[in-house]
Amino acid sequence: MEIIKFISLSEGEWKSMRSGHSLAFQHFEEVLSKINIEIINIKNPLIQEIISSSPFNESEAISPFRIDWEAESNWDSNDNESLSVGTCYLIPIPESEKKGKIIRTLGYSERIKAISNYQFLNDGTFSIQTKYDYTLSEEKIWFASKNVRCRSSIISSLDNQSIIQTSFASEIRKINQ
């Protein structure tokens, strides 16, 4: 698997069901999401701005993409604010066919800009690790079929490496007739 092929296979609208276990709060969470993944032209002014504010240059970047999501969690349904909506731009910077870096405008475990390290495992699984200010996240994404993908994550504390949260999601592509 290569990053361009992975992004191409991921493009589209997905329905996601994620189960998360917060070890810190001893709580189990269910999240239902709509996820849209769209490839963006490298010449897009916003992409150009993101690249120029990073330690990389445009010639290193390939296949930028945007992820939009709308998620509803059962974590705290009393406040009617259980709906989470967001957008993240991701710009891959390959170092080889199987690994590289990704510029992220919004992190997974901390809502800050970040640069992640990615690699493809021998079975085609996409593994992405991100070190934030307080946490380290590792996500793995693999395709069960053309229209079904799975995602797991582990979030650990940087100060003592304890696991804070784990999750598993199954995602099904919306097929337009």
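## Buried cysteines, a β hairpin pair and two pockets

Cys-88 is buried, with a relative accessible area of 4%. This is a predicted model, and Cys-88 makes a handy starting point for a tour of it. Cys-150 also counts as buried, at 11% relative accessibility. As for cross-links, the structure holds zero disulfides.

Another buried residue is Pro-64, whose relative accessible area is 2%. Because buried means under 20% relative accessible area, that value of 2% puts Pro-64 in the buried class. Pro-64 sits in the loop that links α2 (45-52) with β3 (65-73). What does Pro-64 touch, leaving aside its neighbours within four places in sequence? Its contacts are Glu-38, Ile-39, Ile-40, Ile-42, Ile-47, Leu-90, Ile-91 and Pro-92. Asn-44 lies 20 residues away from Pro-64 along the chain, and their C-alpha atoms are 9.6 Å apart.

Next come the strands β6, β7 and β8. Strand β6 (residues 114-120) runs antiparallel to β7 (residues 126-131), and β7 in turn runs antiparallel to β8 (residues 135-145). Both pairs form hairpins, β6 with β7 and β7 with β8. In the turn between β6 and β7, Gly-124 has a positive phi of about 95 degrees. The table sets the two pairs side by side.

| Strand pair | Bridges | Residues between strands | One bridge pair |
|---|---|---|---|
| β6 and β7 | four bridges | five residues | Tyr-118 with Ile-128 |
| β7 and β8 | six bridges | three residues | Lys-131 with Leu-136 |

Now to the pockets, which may interest you if you work with ligands. The largest pocket has a volume of about 1200 Å³. It is lined by 45 residues, and those closest to its centre are Arg-18, Trp-69, Tyr-108, Arg-111 and Arg-151. By class, the lining of the largest pocket holds 22 nonpolar, eleven polar and twelve charged residues.

The second largest pocket encloses about 190 Å³ of space. Which elements give two or more residues to its lining? They are α2, β5 (99-104) and β6, so β6 of the first hairpin turns up here as well. The largest share, three residues, comes from α2. Among the lining residues are Leu-46, Glu-49 and Ile-50, along with Ile-103, Arg-104, Ala-114 and Ile-115. Sorted by class, the lining of the second largest pocket has six nonpolar, three polar and three charged residues.

Definitions and conventions. Residues are numbered from 1 along each chain as its sequence is written. This is a predicted model: local features need pLDDT of at least 70, side-chain atom pairs count only at pLDDT 80 or more; totals for chains, interfaces and linings use all residues. Side-chain values use heavy atoms; hydrogens and water are left out. Buried means under 20% relative accessible area, exposed over 50%, partly exposed in between (1.4 Å probe, protein chains only). Contact means heavy atoms within 4.5 Å. Two strands pair if DSSP finds at least two bridges between them. A disulfide is a pair of cysteine sulfur atoms within 2.5 Å. On a 1 Å grid over the protein atoms alone, a cavity is a set of points where a 1.4 Å probe fits but cannot get out, and a pocket is an open set with protein on both sides within 12 Å along at least five of seven lines; lining residues have an atom within 4 Å of a point. Grid points are joined across faces, edges and corners, and a volume is the space filled by probe spheres set on the points. Ala, Val, Leu, Ile, Met, Phe, Trp, Tyr, Cys and Pro count as nonpolar, Asp, Glu, Lys and Arg as charged, and the others, Gly among them, as polar.
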